[in-house]
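Biologist: Could you take me through one part of this model in detail? I'd like a close look at chain B, how it is built and how it meets its partner.

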Amino acid sequence: MSAPAAHAGPGGPPNLAILTRPFPPTVPIVMASLASVLIGGIWLASFVPRKPPLGVPTVLGALGVVLLVVGLLLLTRVPWVSKTPFPVVWRWAFLAYLVIAALIWFAFFHNHTRGATLALVTVMLAVFALDVPTLIAATVARYTDTDA
Amino acid sequence: MPPRTIIPVRALPVIGVILIALVVVIATNSQWGLMLFHVAGGGLWTGIDLFVGFVVGPILGRLSLPARAEFSARFMPMMAVIMPTLVVMTLASGLQVALNLGNLDVGSINHRWLMASFIVVGIMAVVALGILEPANITVLIEMRKPVPNGAVIGVLMKRFVVTAGVTGVMQVATLLIMTRVATQ
């Protein structure tokens, strides 16, 4: 995929081609990843303080990981993404959502979640902390005029 | 003239203090503190979502593009730091409150209502984190350029207004559920 050539320079009309240029479906795929880990998290939280069955949340967590990786791999196939603020936006958003994920993790840990359940919670929160920056940075990249 | 930074940096120490206080309140299991964080955080989260979704959003949608850009350049950076802080305050303290009150136990009369609230929050999270916040940040970055692309800002602002309306509707469901839980 390449950036469109139909760019209007500074002071000219807005570059409408940005709105229609091809872009991989990273955002919907990573949204599905986010939905998977949120459903898994809700499943786990619904059993607190008892020990939850881990089959369903494990599948949802794994699905979240796979969808995140697929979303990121699709982005790597777009060469002009590296010319956008994707990496900077991703890093700062990751820092913010890492703090949020750590706080939620602490709430589970404080309530005696341990062992395999805690490991699963940790994986899901890690996916959450990676999903959100990817969604934000991919949207920024999608609408960045790389010809400007 | 847009602000020099995407988010208001001066707000970060305040947010840091709030988050440290949240950890202390959870660690000490302070009933007053937990209720303060959950009720104050939840009330503000719901109120702001409803106000933005049903009052600010429709007004914003009818403004001219320059007026919309001018307002958004000052409004959206604040939203980018306030909303995630309120959400984490409400959810982290809420889990602890629900555990302390026994509302999460399967036998509790409130268990199903809380599950319903989890689902509502989950839907709001996917919409807000997947569409609304990325649109918000992208508009802020676009507006900092020497020549912002009005078409991009227009499309993303429309997305912001629609998703703010969706989260507003979900917040009505939250109000119904939480008032039911508190009165059973």
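Modeller: Sure, and let's begin with burial: of the 184 residues in chain B, 40% are buried. Keep in mind as we go that this is a predicted model.

On the overall build, chain B has 5 helices and 0 strands, so to speak an α-α-α-α-α pattern when you read along the sequence. Its C-alpha atoms fill a box of roughly 60 × 30 × 20 Å along the principal axes. If you take the contacts in chain B with a separation of 6 or more, 82% of them join residues 24 or more positions apart.

How far can you trust it? Chain B has a mean pLDDT of 90, with 98% of its residues at 70 or more. Within the chain, helix H1 (residues 12-28) of chain B comes out highest, at a mean of 95, and helix H3 (residues 65-101) of chain B lowest, at 88. For the complex, the predictor gives an ipTM of 0.87 and a pTM of 0.89.

Now for the meeting with chain A. Here 35 residues of chain B are in contact with 36 residues of chain A. On the chain B side, H1, H3, helix H4 (111-143) and helix H5 (150-183) each supply at least two residues. H4(B) gives the most, with 15 residues. Sorted by class, that side of chain B has 27 nonpolar, 6 polar and 2 charged residues.

One residue of chain B worth zooming in on is Ala92(B). It is among the residues with the most contacts inside the largest nonpolar core, a set of 92 residues, along with Phe128(A), Ala137(A) and Val140(A). Leaving aside residues up to four places away in sequence, Ala92(B) touches Leu22(B) and Ile26(B) in chain B, and Leu103(A), Ile104(A) and Ala107(A) in chain A.

A word on the partner, too. Chain A averages a pLDDT of 88, and 91% of its residues score at least 70. Among its elements, helix H3 (residues 55-76) of chain A has the highest mean, 97, while helix H1 (residues 17-20) of chain A has the lowest, 86. The stretch to be careful with is residues 1-11 of chain A, where pLDDT stays under 50; the model has 20 contacts beyond four places in sequence for that stretch. Where pLDDT is low, the predicted coordinates should not be read in detail.

Definitions and conventions: Residues numbered from 1 in each chain as written. Chains lettered and ligands numbered in written order. Predicted model: local features only at pLDDT ≥ 70, side-chain atom pairs only at ≥ 80, totals over all residues. pLDDT = per-residue confidence, 0-100. Helix = DSSP H or I, 4+ residues; strand = E, 2+ residues; numbered from the N terminus. Core = buried A, V, L, I, M, F, W, Y, C linked by C-beta atoms within 7 Å. Buried ≥ 20, exposed ≤ 12 C-beta atoms within 10 Å, placed from the backbone. Contact = placed C-beta atoms within 7 Å. Nonpolar A, V, L, I, M, F, W, Y, C, P; charged D, E, K, R; others polar.
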